[in-house]
Amino acid sequence: MKVYETRDLRNVALIGHGGSGKTSLAEAMLYDAGMTTRLGRVEEGNTVMDFEEEEKERRGSITSGIGFLEWAKCKINLIDTPGDANFVADGRNCLYAVDSVLLVADAEDGIRVQAEKMARAAEELGLTRVAYISKLDRERGAFETAMKALTDLFGNKAVPVFLPIGTKDAFHGVVDLLRGKAFLFDGEGKGTFQETEIPAEMTEQVAEARERLVEAASESDDELIEKYLENGELSPEELEVGLKKAIAQGSLIPVLCGSAPKNVGIRPMLDFLAAYLPAPHGERKGTNPDTGEEISRKFDDTEPFSALVFKTIVDEIGRFSVFRVISGAAIPDTTVLNPERRTDERLGQLFHLLGKERRKIEKASAGDIVAVARLKETITGDTLCDKKSPIRYPRIPVPPAIISFAVRPRSKADQDKISASLRKLMEEDTALRYERDEQTGEFLLSGMGQGHIEIVAKRLERKFKVGIELAAPKVAYLETIKGTADKRYRHKKQTGGAGQFGECAIKIEPNRGAGFEFVNNIVGGVIPGQYIPSVEKGVRDQMKKGVLAGYPVVDVKVTLYDGKSHPVDSKDIAFQLAGRKAMKEALLAAKPTLLEPIMEMEVVVPEEFMG
Ligand SMILES: Nc1nc2c(ncn2[C@@H]2O[C@H](COP(=O)(O)OP(=O)(O)OP(=O)(O)O)[C@@H](O)[C@H]2O)c(=O)[nH]1
Ligand SMILES: [Mg+2]
């Protein structure tokens, strides 16, 4: 495969709500660039990006698809993220591998909350943002609906660069405001077009939109603004410079449009992306793993190699780690360091991914996206780097789990395989957790939503033949006290054989929000020093099982203030028992109460429904 230089790379993640049209758009782009020989359709389950069985079945992405194409001598790396909230984590990880995002705004439904959150995350990461309006050919589709949603989200930064020609069924082309041309498509899916003059009935609308674009582009630069104010126009070169600058600054978010299933507008859009999206640029901060000192690397082939692993794929053939080269170049058959795990990793064959297909490569420049098989210990989020010039990049943050289900195996055979199989799925899916709840003893599978966990159960069955049932987890109640109490207990066994003697007096009081606290106020050695921890252990043992319903007790302050000992019969066990019994009596006397779990919720409401 051809080697692309850093300046010719364009890494872009497609973001947008579930069903907005990302996978379809990627499919049309890949087809137009000649990467495939037919235009796949999500409904037919034959797209490049949705190749997992569960994606074909539910007609939507559950994991990010990675592909690439060549356009205008640039290698455009496409990452098609899932829009459904159940599967967002994987898409978020991919934001660490790109320089730009293409937000798909839906001409029927606008931009839903999940897409808004991704767009905000992209902004926080300093990524370049571009928008695309899908579904203009649909019955309810309207350019204005999507433009309104974009303006609500980005304010007047969202500025059209393309305008649609025709509406609904009759949508058949776009006006490119930069080139001042119209592109008319037959809508049969081939994506070929005729370049024509702007339709006469659109002259006014186009002039207005172009003025807005030129004005917004000129605002990126003082010199350009002056020229624009003087001449009322910018030369094509000036416009290009201004537009690039405004896009890079994030002060202008260009809006494109088309229809992926009809293959309308996609080729002019690829022209725009190759010309206006940034190549990998700037630097990434990390630390020197040996000294902890902050260092940084540029997206430059001449620097030592470093890369960030942002995705892991496990399939029948094996396990692939997908990384983005940050500095240096990735070369097959080299040994690199994983500074996090302090281990060497062998980079054998390297690949570019096109959906499930792999294309062998000889070299990947800084900024490119690469897959490698069979790394020993590396997981998603790790750094790989040159052994002689180590660097470690910050880990990609893992989202907190939102929902948990108790997992029950269908049979004994399933039981034995659950952990190992889930571990494999968790390598791919950083938002999935599998843990035993100490309190209830149940095994819990946690993730981003019910749909997420249900898909995990399906994949367990399909990939590993492991059957599980999902159930609501037992509620993990806790107990605490509302009052205070003061109790003394003497444990004494002095009949026959070796005796036992221990006595303690404790006060307990509520300690809400501050956890368990044990204060030793013994003076004059009434309990010898070595038995104080014995009393504490007894108290703690009693805390594990509350007096109301046997749930753990939390948030109690215990003060040990008096006791008695015996020169021969005092022992560790005697003081433990005394501590436990005193605590039990104290808890019963201190108004014990049940605590129900509290959930923290975030509610997002569109502005028009507020008030
Ligand atoms: N008519 C029309 N249908 C579209 C367009 N774009 C997408 N669709 C359809 O919308 C449905 C969803 O499209 P996808 O491409 O799967 O959407 P997605 O954004 O990848 O969805 P998730 O993977 O669930 O996040 C499919 O049935 C597409 O054929 C469009 O521009 N016009
Ligand atoms: Mg999709």
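Helix axes here are lines fitted to C-alpha atoms over the stretch in contact, and angles between them run from 0 to 180 degrees between N-to-C directions. Keep in mind that this is a predicted model.

**Exercise 1. Work out how α6 packs against α7 and α8.**

Solution.
- Start with α7 (residues 222-231): α6 packs against this helix at about 145°, with the axes 8 Å apart.
- Now look at who touches whom. On the α6 side you'll find Glu211, Val214, Glu215, Ala217 and Ser218, and they meet Leu224, Ile225 and Tyr228 in α7. Sorted by type, the residues of this contact give five nonpolar, one polar and two charged.
- Move on to α8. Helix α6 (residues 203-218) and helix α8 (residues 236-249) cross at about 70°, their axes being 8 Å apart. Angles of 65 to 115 degrees count as roughly perpendicular, so that is what α6 is to α8.
- Arg210, Leu213, Val214, Ala216 and Ala217 of α6 face Leu239, Gly242, Leu243 and Ala246 of α8. The tally for this contact is seven nonpolar, one polar and one charged.
- Spot the overlap: Val214 and Ala217 turn up in the contact with α7 and also in the one with α8.

**Exercise 2. Find the protein donors of the magnesium ion (ligand 2) and say which parts of the chain they link.**

Solution.
- The donors are Thr23, through OG1, and Ser61, through OG, lying 2.0 Å from the ion.
- Thr23 belongs to helix α1 (residues 22-32), while Ser61 sits in the loop between α2 and β2, so the pair ties together parts 38 residues apart in sequence.
- Buried means under 20% relative accessible area. Thr23 comes in at 7%, so buried; Ser61, at 9%, is buried as well.

**Exercise 3. Describe the surroundings of Thr63.**

Solution.
- Place Thr63 first: this residue is in the loop between α2 (53-58) and β2 (65-71).
- Its relative accessible area is 17%, so Thr63 counts as buried.
- Leaving out residues up to four places away in sequence, Thr63 touches Glu52, Glu55, Asp80, Pro82, Asp90 and Lys311. With Lys311 there is a side-chain to side-chain polar contact at 2.7 Å.

**Exercise 4. Take Lys168 and Asp555, and check phi, location and exposure.**

Solution.
- Most residues other than glycine have a negative phi.
- Lys168 isn't a glycine, yet has a positive phi of about 45°. Look for Lys168 in the loop between β7 (162-165) and β8 (173-176), where 34% relative accessibility makes this residue partly exposed.
- Asp555 isn't a glycine either, and has a positive phi of about 55°. Asp555 is in the loop between α12 (532-544) and β30 (556-564) and, at 11% relative accessibility, is buried.

Notes
Residues numbered from 1 in each chain as written. Chains lettered and ligands numbered in written order. Predicted model: local features only at pLDDT ≥ 70, side-chain atom pairs only at ≥ 80, totals over all residues. Heavy atoms only, no water. Helix = DSSP H or I, 4+ residues; strand = E, 2+ residues; numbered from the N terminus. Buried < 20%, exposed > 50% of the residue type's maximum accessible area, 1.4 Å probe, protein only. Polar contact = N/O pair within 3.5 Å; in protein donor to acceptor, adjacent residues only side chain to side chain. Contact = heavy atoms within 4.5 Å. Donors = N, O, S within 2.8 Å, 3.2 Å for Na, K, Ca; no water. Parallel < 35°, antiparallel > 145°, perpendicular 65-115°, else oblique. Nonpolar A, V, L, I, M, F, W, Y, C, P; charged D, E, K, R; others polar.
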